[in-house]
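User: I'm new to this structure and would like to start small. Please pick one part, take a close look at it, and then tell me how it sits in the whole.

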Amino acid sequence: MFDVSAAAGQALTIFVMAVALGMDAFSLGIGIGLKGVRLYDILKLSSLIGVFHVLMPLGGMYTGQYVSELLGGIATSAAGALLLLLGGHMVYSSLRGEAVDSINHRTLWGMLVFAFSVSIDSFSVGVSLGMFSAHIWLTVLLFGLFGGLMSVLGLMLGRKASRSLGGYGEALGGVILFGFGLLFLI
């Protein structure tokens with residue numbers, strides 16, 4: 001019975017983290033969407049973001065497993081601190097108002113840079129989850145699904161919304177990751 005509830009708790013945690021990381025793609029997608037984006041570009045960009053949200057945490061989880069073997073008992077504290085820093089940085093960036101206006105999302109290079117920039121946080125979270133030996137495939141599939149889905153929603157909403165919505169999504173994602181970092185340290 002304990003194994004079932006522990007597995008459910010881990011799945012819920014991964015689900016919430018996937019949504020939190022998707023918030024970054026959502027908020028930046030709003031910014032790109034406000035510049036005007038075609039539906040075909042939304043499909044291409046969101047697919048690429050989904051792929052990056054699979055590859056980045058996968059690489060992070062393998063790195064985290066290796067670091068966990070090296071650090072042993074302090075891995076949990078290191079992972080919690082990493083989530084605190086990452087969440088704090090996301091909140092700080094959203095309050096500071098970093099813009100993505102210089103990226104031309106219609107070029108291959110621009111799409112790669114954009115997808116990488118919104119997926120880099122998932123590498124760091126992947127490192128943390130790798131230290132906890134989280135279920136790898138569940139994690140990367142949920143991260144990829146929500147990264148792609150949230151970017152579609154952000155790009156579509158950005159076509160219709162005002163600029164004030166963008167920063168709040170990233171800030172909310174940062175607060176969630178910060179909260180998980182606190183939970184890991186307690």
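Analyst: Let's start with L149, which lies in helix α5. Keep in mind that what you're looking at is a predicted model. L149 has a relative accessible area of 41%, so this leucine is partly exposed. What makes L149 a nice starting point is its partner across the sequence: L149 and G22 are 127 residues apart along the chain, yet their C-alpha atoms are 7.8 Å apart in space.

Stay with the helix for a moment. Helix α5 covers residues 136-158, and V152 has its place there too. V152 comes out at 30% relative accessibility, so V152 also counts as partly exposed. Along with L39 and M156, V152 makes a nonpolar surface patch of about 230 Å².

L39 from that patch gives us a handy way over to another helix, since helix α2 runs over residues 39-71. Here the story turns from nonpolar side chains to charged ones. In general, side chains of opposite charge can pair when their charged atoms come close. D41 does this with two partners. One is R38, whose side chain meets that of D41 in a salt bridge of 3.2 Å, N to O. The other is K44, where the N to O distance to D41 is 3.6 Å. D41 and K44 are three residues apart in helix α2, which means about one helical turn separates them. Because these salt bridges share partners, R38, D41 and K44 join into one network. Two salt bridges is also the count for the structure.

How covered up is each member of this little network? D41 has 1% relative accessibility, so D41 counts as buried, the cut-off being under 20%. R38, at 49%, counts as partly exposed. K44 is partly exposed as well, with a relative accessible area of 25%.

Now step back to the whole protein. There are six helices and zero strands, so reading along the sequence gives you α-α-α-α-α-α. Of the 186 residues, 47% are buried. The accessible surface comes to about 9100 Å², and carbon and sulfur atoms account for 72% of that area.

The pairing of L149 with G22, 127 residues apart in sequence, makes a good lead-in to the contact numbers. Take the contacts between residues at least 6 apart in sequence: 94% of them join residues at least 24 apart.

Methods
Residues numbered from 1 in each chain as written. Predicted model: local features only at pLDDT ≥ 70, side-chain atom pairs only at ≥ 80, totals over all residues. Heavy atoms only, no water. Patch = residues over 30% accessible without salt bridge, like charges linked within 9 Å, V, L, I, M, F, W, Y side chains within 5 Å. Areas by Shrake-Rupley, 256 points an atom, 1.4 Å probe, with all protein chains shown as cover. Salt bridge = Lys/Arg side-chain N within 4 Å of Asp/Glu carboxyl O. Helix = DSSP H or I, 4+ residues; strand = E, 2+ residues; numbered from the N terminus. Buried < 20%, exposed > 50% of the residue type's maximum accessible area, 1.4 Å probe, protein only. Contact = heavy atoms within 4.5 Å.
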